[in-house]
Amino acid sequence: MKEDRGFSLVELLIVIAIMGIMSGFFFIGLPLLTGQNARECANNMSAALSKEKNYALTKSATIDCYMELLAESDGYRVKYYIPKDAVVEGHVDSDWILAEEQKVGSKSVDVVCSFADGTTATIAAGQSVKLIYNRTNGEFKNAVKSDGATIGTEGGGSTHCTGITFNSGRKYEITLYPATGKHVLSRVN
């Protein structure tokens with residue numbers, strides 16, 4: 001009688017296939033467990049806020065600069081807008097130009113903006129929030145919704161964005177200080 005020791009080729013291939021599928025689930029789920037996507041999005045947004053404040057203080061001539069945080073099908077983007085007269089010398093008008101655009105995060109992250117009046121706005125596909133910087137001192141002005149309405153003006157008041165939260169397994173928050181234009185990034189949980 002012949003003794004069968006070891007595995008057949010078919011058994012070995014099945015085990016390798018199962019291990020490959022399980023490791024695929026592990027590598028897909030790992031960023032969700034560690035909050036890597038939220039951390040990356042928050043870090044990129046923090047850098048974007050610093051860059052736009054720099055644009056406002058150095059490249060803006062007569063008009064305030066602003067940045068737009070928006071959700072698109074592939075994730076979150078930031079667009080930096082500066083006045084045309086800051087770029088083209090001798091031509092003064094109030095038209096804006098898109099100075100730069102960059103992707104800041106994955107669509108798997110939930111982004112929520114908080115405002116001074118206690119309201120929040122979740123940035124979903126096709127929506128945006130514009131953060132306006134004062135060209136003279138870098139402070140934040142009122143935030144503007146994607147429909148063009150200044151947030152908080154419906155009731156006669158004005159509202160600044162006071163925080164942006166990024167959530168994907170773990171939560172990170174950028175606290176904004178409107179009077180100075182300063183921002184602080186911290187991990188919430």
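## Two aromatic pairs

At 0% relative accessibility, Tyr133 counts as buried (buried means under 20% relative accessible area, exposed over 50%, partly exposed in between, with a 1.4 Å probe and protein chains only). Phe140 is buried too, at 3% relative accessibility. Before going on, a word on what you're looking at: this is a predicted model, where local features need pLDDT of at least 70 and side-chain atom pairs count only at pLDDT 80 or more, while totals for chains, interfaces and linings use all residues. Residues are numbered from 1 along each chain as its sequence is written, and side-chain values use heavy atoms, with hydrogens and water left out.

Searching the whole structure turns up two aromatic pairs (rings of Phe, Tyr and Trp, the last by its six-membered ring, pair if their centres lie within 6.5 Å; planes under 30 degrees apart count as stacked, over 60 as edge-to-face and the rest as tilted). One is the stacked pair of Tyr66 and Tyr81, at 4.7 Å centre to centre with 15 degrees between the planes. Tyr66 sits in strand 1 and Tyr81 in strand 2, 15 residues apart, so this pair links distant parts of the chain (strands are DSSP runs of E, at least two residues, and helices are runs of H or I, at least four, numbered from the N terminus). Both rings belong to buried residues: Tyr66 has a relative accessible area of 12%, and Tyr81 has 14%. The rings of Tyr133 and Phe140 also have centres 4.7 Å apart, but their planes are at 45 degrees, so that pair is tilted.

## Strand 1 and its partners

Strand 1 is mostly covered, with seven of its eight residues buried. On the strand 2 side, seven bridges hold an antiparallel pairing (two strands pair if DSSP finds at least two bridges between them). Glu68 has Lys79 in strand 2 as its bridge partner, and the two strands make a hairpin with two residues between them. Strand 1 also pairs with strand 6, again antiparallel, over six bridges; here Leu69 is matched with Val129 in strand 6.

Met67 is part of strand 1 and is buried, with a relative accessible area of 1%. Its C-alpha lies 5.5 Å from that of Lys79, although Met67 and Lys79 are twelve residues apart in sequence. Leaving aside neighbours within four places in sequence, the contacts of Met67 include Met45, Ala48, Leu49, Glu52, Val78, Leu131 and Tyr133 (contact means heavy atoms within 4.5 Å).

## The nonpolar core

In soluble globular proteins, nonpolar side chains tend to be buried together. Here, the largest nonpolar core has 33 residues (such a core is a set of buried Ala, Val, Leu, Ile, Met, Phe, Trp, Tyr and Cys residues joined through side-chain atoms within 4.5 Å). The residues with the most contacts inside this core are Met45, Leu49, Met67, Val111, Leu131, Ile164 and Phe166. Elements giving two or more residues to the core include helix 2 (36-58), strand 1 (65-72), strand 4 (110-115) and strand 8. Helix 2 supplies the largest share, eight residues.

Met45 shows how the parts come together: beyond its neighbours within four places in sequence, Met45 is in contact with Met67, Leu69, Val78, Val104, Leu131, Ile164, Phe166 and Ile174.

## The five-stranded sheet and helix 2

What is the order of the strands in the open sheet? The five strands run 5-4-8-9-10, with antiparallel pairing. Strand 5 (120-122) and strand 10 (182-187) are the edge strands, each pairing on one side only. Neighbouring strands in this sheet are turned by 20 degrees against each other on average, direction ignored (axes are lines fitted to C-alpha atoms, for helices over the stretch in contact, and angles run from 0 to 180 degrees between N-to-C directions). Strand 4 and strand 5 are joined by three bridges, and Val112 has Thr122 in strand 5 as its bridge partner.

Helix 2 packs on the sheet, touching strand 4, strand 8, strand 9 and strand 10, and its direction makes about 15 degrees with that of strand 9. Ser46 belongs to helix 2 and is buried, with a relative accessible area of 15%. Not counting residues up to four places away in sequence, Ser46 touches Ile174, His183 and Leu185. Within the sheet, Thr165 is found in strand 8 (residues 161-168) and counts as buried at 15% relative accessibility. Leaving aside neighbours within four places in sequence, Thr165 is in contact with Asp110, Val111, Val112, Lys171, Tyr172 and Glu173.
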